[in-house]
Amino acid sequence: MSEHYDAVVVGAGPAGSAAAYAMAKNGLKVALLERGEYPGAKNMFGGTLYSEAVASLFPAFWESAPLERPVVRDEVWFLDDSSAVTLGFTGLHYAQPPYNKFTVLRSRFDQWLAWQAQQAGALLFPSCLVTDLRWEGSFAAGVVTEQGDIFPASAVVLAEGALALLAEKAGMRGPLEAHSFTIYVRLTFSLPAARLEERFQLEPGEGADLVFIGYPTAGSIGKAGLFTNKDSVSLITGVYLDELVQKGASLPELAWRTRSHPLVRRLLDGAILEEYQAHMLPKGGFRQIPRLYGDGLLVAGDAAMLISGRHGADLALLSGQLAGETVAQAKAKGDFSRKMMAVYAEKLKNTFYYKNMQAAGDALDYYKQHQDADFLLSKALNGAAYRFFAERMLTDREKREMVLKELAGIQTPIKDFSDIWQGLQHWRVL
Amino acid sequence: MTPDLQSPAPENRGPLPPGHSADDAWQPPSQGREKLVAEDLLKATHLRPAPAGFISIADAQVCRARCPRKPCLVFCPSQVFSWEYDHVHVDDQRCLECGACLFGCPEQNIDWYYPPGGAGVAYRY
Ligand SMILES: Cc1cc2nc3c(=O)[nH]c(=O)nc-3n(C[C@H](O)[C@H](O)[C@H](O)COP(=O)(O)OP(=O)(O)OC[C@H]3O[C@@H](n4cnc5c(N)ncnc54)[C@H](O)[C@@H]3O)c2cc1C
Ligand code: SF4
Ligand code: SF4
């Protein structure tokens, strides 16, 4: 049995490292346990990290954190076999402090984040797989590792990510099912920075991200997205796990189909595949948020189902910080009971993301129930656009009628502006 | 257990795991090929050998008798599962640790837990 800690944190992703950082900064004795060989070894996302959230913990983090590119261009492409209708925004202000969001490689960024916690005094244990909680009555009193090592502690923060296996074991949540997850694969291709910038019409250092709708997972809710890193490009393709299972589709094939689309292929021409990754994303939404606290126990980040729209890693950071601050308060009072730990849930309930999740409620269920909505919309938009842009020997009136006929065939939930808003939320890549 | 007191080198990409040089970079197959199996993609990923057996099929009879579609053969993103004569063969050295098999097997017939600390995938991107 090793020495006693004020807190052990399971998982050195954004949630765990932020929790460890907040506690260590308050003088607590903290162990941060990570099963990967280094923080980030097991983690992948699209992805972009929102600046405001990170800066609230680490002001001007862009001066020291390993970031790829600040994103100045965001686009949604409604893809059909040989065409795309695109919707986009380019904001060059986003290339300046305080920035908007950055593309990030998790294998680097998570290490930097864990290092912030280490510098504040937390002890990082890499290659350390936690298999159980250690209990004293109803109190979580530390953890047990796969090798049988025990880390006794006054409090445990579960920041173990999407699968939340320890949270389930601890009775914080019921079993999750296939429909609670989307599963993504990611192909990362190296491409020299100068070529990348030329291809994506970027000035040196600037970044872009593109979302692809309606292809390649025709007939089921699946999405793809492309992110520019410093000298590589990442292409993610994903789908709800229950859909994947029901439809018998194969993700590597879908991913390669995206990669081979004539409009995507040209963006990746000559780029060399460097890595293939897979990861799940918890999409259970508000209804599946688990119990967030117990005696000596808190759950944060993906393990707490805190995903809202395109926000995930940032929410993990913010919720981890709240969890860490709560444990620091508990330590100051010498009370780690659930009454004290409830402060975390109270604080969480006042955050923008918790409120967003609550408000989103079932609204996005439409897309879940109408699996082919994206596909149909994409098809119709492209059909209409083909007719609109085609120079034909027709009167304007005839042309207008053809386009309207094409659009009338769309069966989507969009009826008014608030539906468009919902759609925009849904089409963003997560 | 000893804590890691070393600083990462934030300027560098996540440490290039030993034994993996940039020369290992895999070339994509010929242009225009639509179908690609995980086999080809996986060559680009760095996997540390894990002691065999962290994934297993709980009851082979269930696969034979109760699961006509055998979805695990398809939903696993790295084709860890394959059908051999009368049972599901498991190649746990290819596992990307996504956890999908815990939720995707309709019979909950797959025993899966993380490989031991430090083993398995070590992503570089
Ligand atoms: C394809 C995809 C795209 C995404 N895109 C974005 C995006 O663009 N922007 C965004 O903000 N978010 C995005 N997300 C979501 C984001 O990745 C997550 O919300 C975020 O990583 C959650 O952080 P976390 O710390 O809670 O969990 P994780 O990052 O998963 O960290 C959990 C850590 O715990 C470790 N661990 C787990 N179990 C144990 C154990 N038993 N013992 C020891 N260690 C353990 C893991 O190795 C891991 O390091 C995306 C996710 C996916 C899958
Ligand atoms: S899905 Fe489950 S029950 Fe079906 S063959 Fe695979 S392991 Fe067996
Ligand atoms: S964890 Fe993922 S990659 Fe590993 S066997 Fe299960 S489904 Fe396949």
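Is A:Met305 buried or exposed? A:Met305 is buried, at a relative accessible area of 1%. I will come back to that residue after the ligands. One caution before that: this is a predicted model.

I start with ligand 1. Ligand 1 sits between chains A and B. Its shell has 38 residues, and the closest are A:Glu34, A:Thr48, A:Arg106, A:Asp302 and A:Ala313. Sorted by class, the shell around ligand 1 holds 20 nonpolar, ten polar and eight charged residues.

Which elements of chain A each supply at least two residues of that shell? They are α1, residues 14-25, β15, residues 272-282, and α9, residues 313-333.

Now the domains. Domain 1 of chain A is made of three segments, 5-68, 104-176 and 285-359, and domain 2 covers 179-282. Both domains give residues to the shell around ligand 1, so the ligand lies between them. To put the two statements side by side, ligand 1 lies between two chains, and it also lies between two domains of chain A.

Next, the backbone contacts of ligand 1. A backbone N or O atom of A:Pro14 is 3.2 Å from an oxygen atom of the ligand. For A:Ala15, a polar backbone atom lies 2.9 Å from a ligand oxygen atom. For A:Ala313, a backbone N or O atom is 2.9 Å from an oxygen atom of ligand 1. As for coverage, ligand 1 on its own has 990 Å² of accessible area, and the protein covers 98% of that.

The other two ligands have shells in chain B. The residues around ligand 2 include four cysteines by name, B:Cys63, B:Cys67, B:Cys72 and B:Cys105. Also among them are B:Lys70, B:Glu107 and B:Asn109. B:Pro71 and B:Pro106 are in the list too, as are B:Ile57, B:Val88 and B:Ile110. By class, that shell has nine nonpolar, one polar and two charged residues.

How many residues surround ligand 3? There are 14, and the closest are B:Cys76, B:Cys95, B:Cys98, B:Gly99 and B:Cys101. This shell divides into eleven nonpolar, two polar and one charged.

On chain B as a whole, there are four helices and six strands. Read from the N terminus, the order is α-β-β-α-α-β-β-α-β-β. The chain has 125 residues, and 46% of them count as buried.

Back to chain A, and to its backbone. There are two cis peptide bonds to show. One runs from A:Gly46 to A:Gly47, with omega near -15°. A:Gly47 is placed in the loop between β2, residues 30-33, and β3, residues 48-50. The other runs from A:Pro97 to A:Pro98, with omega near 5°. A:Pro98 is in the loop between β5, residues 83-90, and β6, residues 101-103.

Then two residues with positive phi that are not glycine. A:Met305, from my opening question, has a phi of about 65°. Its place is in the loop between β17, residues 297-299, and α9. A:Ser127 has a phi of about 50°. That serine is in the loop between β7, residues 123-125, and β8, residues 130-136. How accessible are they? A:Met305 is at 1% and counts as buried, whereas A:Ser127 is at 29% and counts as partly exposed, because the cut-off for buried is under 20% and for exposed over 50%.

Two buried charged residues are next. A:Lys101 lies in strand β6. With 0% relative accessibility, A:Lys101 counts as buried. Its side chain makes a polar contact of 3.0 Å with the side chain of A:Asp74.

The second is A:Asp374, in helix α13. A:Asp374 is buried, with a relative accessible area of 3%. From its C-alpha to that of A:Val104 the separation is 28 Å, and the two are 270 residues apart along the chain.

Last, the helix itself. α13 spans residues 373-389 of chain A, which is 17 residues. From first C-alpha to last it reaches 24 Å, close to the 24 Å expected at 1.5 Å a residue. Buried residues in α13 include A:Ala373, A:Leu377, A:Ser378 and A:Ala380. Further along the list come A:Asn382, A:Gly383, A:Ala384 and A:Ala385.

That is where I stop.

Key. Residues are numbered from 1 along each chain as its sequence is written. Chains are lettered from A and ligands numbered from 1 in the order in which they are written. This is a predicted model: local features need pLDDT of at least 70, side-chain atom pairs count only at pLDDT 80 or more; totals for chains, interfaces and linings use all residues. Side-chain values use heavy atoms; hydrogens and water are left out. A residue is near a molecule or strand if one of its heavy atoms lies within 4 Å of it. A polar contact is a pair of N or O atoms within 3.5 Å; within protein, one must be able to donate a hydrogen and the other to accept it, and residues adjacent in sequence count only if both atoms are side-chain atoms. Accessible areas come from the Shrake-Rupley method with a 1.4 Å probe; for residues, only the protein chains shown count as cover. Ala, Val, Leu, Ile, Met, Phe, Trp, Tyr, Cys and Pro count as nonpolar, Asp, Glu, Lys and Arg as charged, and the others, Gly among them, as polar. Domain bounds come from an automatic or database domain assignment. The expected span of a helix is 1.5 Å times one less than its number of residues. Buried means under 20% relative accessible area, exposed over 50%, partly exposed in between (1.4 Å probe, protein chains only).
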